[in-house]
Structures are given as C-alpha cells and as structure tokens.
Amino acid sequence: MYDVPVILQLIRELAVYEREPNAVEATEAMLHAALFGAEPAARCHVALVGGAVVGFALWFPTFSTWTGRGGLWLEDLFVRPAARGSGLGRELLIEL
C-alpha cells in the first residue's frame, strides 16, 4: 500500500496538467477514507519506476441495470511527464 500523500500529489500534478491547479479539494483524510476505509468508494493502482510512484489509475466499480453486469469507471489516469512513453499508462489500463 502506498501513502495517500503520494496519491494526492499525483492528483495535484494532474490538475496542473489539465490547467486547473486550484480545483483539487481532496485532502489526505478524504482520500484515505475513500481508498482504504471500511467501505472504499474507489480504488487506485500505481505505476512504479525504481521503487518511485510515477503514475496512477483511480477507478471505482459501476453497475449497469440494463446489462445486469458490473464494470468500472476510470476516473483518472496520469503518468508523470518523465515516465511518459514508457508504456506505463498502457500497463495500468491492462491491469484494470
């Protein structure tokens, strides 16, 4: 399990990338509850290079009443610029 501060930092980097640096309202406490609480609302996979977290995919389960099947909603996928082009984003998607 990776520290919530690293995940929150990646979320902030994504917001800067999307030109919305002040849009992030999430706190470490909120993310901890959402990801690791008694009833997690979301899940997060991280990409590592040399033991350092360089990307993430944050998702949550969905359910279709029409098909009667579960699925997932990919909320965010982000890889730090220095690690882009290495296939990590694709690997995160394959993992999901």
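Student: Which residue in β3 is the bridge partner of Pro61?

Tutor: This is a predicted model, and in it the strands β2 and β3 run antiparallel and are joined by ten bridges. Strand β2 covers residues 52–64, and β3 covers residues 69–79. In β3, the residue that bridges to Pro61 is Leu72.

Student: In what order do the three strands lie in the open sheet?

Tutor: Strands of a sheet pair through backbone hydrogen bonds, either parallel or antiparallel. Here the pairing is antiparallel, and β1 (43–49) and β3 each pair on one side only, which makes them the edge strands. Neighbouring strands are turned against each other by 25° on average, with direction ignored. The order in the sheet is β1-β2-β3.

Student: Which helix packs on the sheet, touching β1, β2 and β3?

Tutor: The protein has three helices and three strands, and read along the sequence they follow the pattern α-α-β-β-β-α. The helix in question spans residues 88–95, and its direction makes about 145° with that of β1. The helix that touches β1, β2 and β3 is α3.

Student: Which residues touch the most other members of the largest nonpolar core?

Tutor: In soluble globular proteins, nonpolar side chains tend to be buried together. The largest nonpolar core in this model has 13 residues, and α1 (4–17), α2 (28–36) and β2 each supply at least two of them. The largest share, six residues, comes from α1. Those that touch the most other members are Leu31 and Phe56.

Student: Leaving aside neighbours within four places in sequence, which residues is Phe56 in contact with?

Tutor: From the stretch covered by α1, the contacts of Phe56 include Leu10, Ile11 and Leu14. Added to these, the complete list for Phe56 is Leu10, Ile11, Leu14, Cys44, His45, Val46, Asp76, Leu77, Phe78 and Leu92.

Student: Is Arg19 buried or exposed?

Tutor: Arg19 lies in the loop between α1 and α2, and its phi is near 60°, a positive value in a residue other than glycine. Because its relative accessibility is 74% and the cut-off is over 50%, Arg19 counts as exposed.

Student: What percentage of the 96 residues of the protein count as buried?

Tutor: A residue counts as buried when its relative accessible area is under 20%. The protein as a whole exposes about 6600 Å², of which carbon and sulfur atoms supply 55%. Of the 96 residues, the share that counts as buried is 25%.

Key: Residues are numbered from 1 along each chain as its sequence is written. This is a predicted model: local features need pLDDT of at least 70, side-chain atom pairs count only at pLDDT 80 or more; totals for chains, interfaces and linings use all residues. Side-chain values use heavy atoms; hydrogens and water are left out. A nonpolar core is a set of buried Ala, Val, Leu, Ile, Met, Phe, Trp, Tyr and Cys residues joined through side-chain atoms within 4.5 Å. Buried means under 20% relative accessible area, exposed over 50%, partly exposed in between (1.4 Å probe, protein chains only). Helices (H or I, at least four residues) and strands (E, at least two) are DSSP runs, numbered from the N terminus. Contact means heavy atoms within 4.5 Å. Two strands pair if DSSP finds at least two bridges between them. Axes are lines fitted to C-alpha atoms, for helices over the stretch in contact, and angles run from 0 to 180 degrees between N-to-C directions. Accessible areas come from the Shrake-Rupley method with a 1.4 Å probe; for residues, only the protein chains shown count as cover.
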